[in-house]
Amino acid sequence: MGIQKPAWLGALYTQKFFAGCSYHEAAKKNEKNVCCLDCCISICPHCIPSHRFHRLLQVRRYVYHDVVRLEDLEKLIDCSNVQAYTINSAKVVFIKKRAQNRQFKGAGNYCTSCDRSLQEPFIHCSLGCKVDFVLKHYKDLSPYLRRCNALTLGPDFFIPQDMADDEMTNETPHSTIVDSDEPMSWSSSSSGSENMSIASTGIVRKKRSGLYVCARSLSKVSDEDMASSMSRRKGIPHRSPLC
């Protein structure tokens, strides 16, 4: 008798994904969208540090069903003849068979397990349908399994930072928040020129009570400079002659 199903495959098929993580109920982004293949459980992004040395498989959502990237799944099991779909420039495969309202058979290819209409040359609509077909007809899944000692998450996977970083503002990396009585200065990053500073009219964005407000940094200006500045902006008024 051949191998039935590896433990990780059973977990991928039975674990509930995109539900809130019970260990991180108060945290943001706590949906369980990763399957730890070594622990055979679904975990959320906040659980990643505890499983960082394990094989991790990201689970995605497509038309309200769980899918995985074909590139990741091919490292674990042979996915030939399973129809893939494209989302966000990546090919994905459904994990489970999907229920359909009506079953009408015409010309073309159909899933070997659920009779869903497929494109040429595919004969399985999901990973689960292929596994069921292989076990039913060949009684052995081992020729289709692949040795995978390491599996990491893709570069596009979002891993939240520490909870202390949640209150960070949306300032750009090169901006500096200063108080209203201090000058604002920065270094030019494009040409390596000398430092620039705005002392009198530099506008600084500050976040207070959830709203961005503008604050102007002020400097000491002499009376002569103030008078000269006012005379340039507005001329001295002259009274019209009396008739």
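Two strands pair if DSSP finds at least two bridges between them. Keep that rule in mind as you open this predicted model, because the tour starts with strands.

**Stop 1: the β6 and β7 hairpin**

Select β6, residues 85-87, together with β7, residues 90-94. These two strands pair in the antiparallel sense, over 3 bridges. For one position in that pairing, click on Ile87: its bridge partner in β7 is Ala90. Now look at the turn, where 2 residues separate the strands of the hairpin. Asn88 is the residue to pick here, as it takes a positive phi near 55°.

**Stop 2: the other partner of β7**

Add β5, residues 65-69, to the selection. It runs antiparallel to β7, and 3 bridges join the two strands. Arg69 is a good residue to label, since it stands opposite Val92 in β7. Is β7 itself enclosed or open? Of its 5 residues, 4 are buried, so β7 is largely enclosed by the rest of the structure.

**Stop 3: an aromatic cluster**

Show side chains for Tyr62, Tyr85 and Phe94, which form one aromatic cluster. The count of aromatic pairs in the model comes to 4. Start with Tyr62 and Tyr85, a tilted pair at 6.1 Å centre to centre, with 40° between the planes. Tyr62 lies in β4 (residues 60-62) and Tyr85 in β6, so this pair ties together parts that are 23 residues apart in sequence.

Next, turn to Tyr62 and Phe94. This pair is tilted too, with 5.8 Å centre to centre and 40° between the planes. Phe94 belongs to β7, so here the parts tied together are 32 residues apart in sequence. Colour by accessibility and compare two members of the cluster: Tyr62 is partly exposed, with a relative accessible area of 25%, whereas Phe94 is buried, at 1%.

**Stop 4: charges over rings**

Stay on Phe94 and bring up Arg98. Arg98 lies over the face of Phe94, at 3.8 Å from the ring centre. Then select Lys96 and Tyr13: the charged end of Lys96 sits over the Tyr13 ring, 5.8 Å from its centre.

**Stop 5: the loop between α1 and β1**

Move to the loop between α1 (7-14) and β1 (34-36), where Phe18 is found. Phe18 is not a glycine, yet its phi is positive, at about 65°. Its relative accessible area of 23% makes Phe18 partly exposed. Lys29 is found in the loop between α1 and β1 as well, and it also has a positive phi, near 55°. Lys29 counts as exposed, at 58% relative accessibility.

**Stop 6: the loop between β9 and α3**

Finish in the loop that runs between β9 (117-118) and α3 (127-137). Pro121 has its place there, and the peptide bond from Glu120 to Pro121 is cis, with omega near 0°.

His124 lies in this loop too. Is His124 buried or exposed? With a relative accessible area of 2%, it is buried, because the cut-off for buried is under 20%. Which residues does His124 contact, leaving aside its neighbours within four places in sequence? Show Ser80, Asn81, Val82 and Gln83, then Cys111, Thr112 and Leu118, and finally Cys129, Lys130 and Phe133.

Methods. Residues numbered from 1 in each chain as written. Predicted model: local features only at pLDDT ≥ 70, side-chain atom pairs only at ≥ 80, totals over all residues. Heavy atoms only, no water. Buried < 20%, exposed > 50% of the residue type's maximum accessible area, 1.4 Å probe, protein only. Contact = heavy atoms within 4.5 Å. Phe/Tyr/Trp six-rings, centres within 6.5 Å; stacked < 30°, edge-to-face > 60°. Lys NZ or Arg CZ within 6 Å of the ring centre and 35° of its normal.
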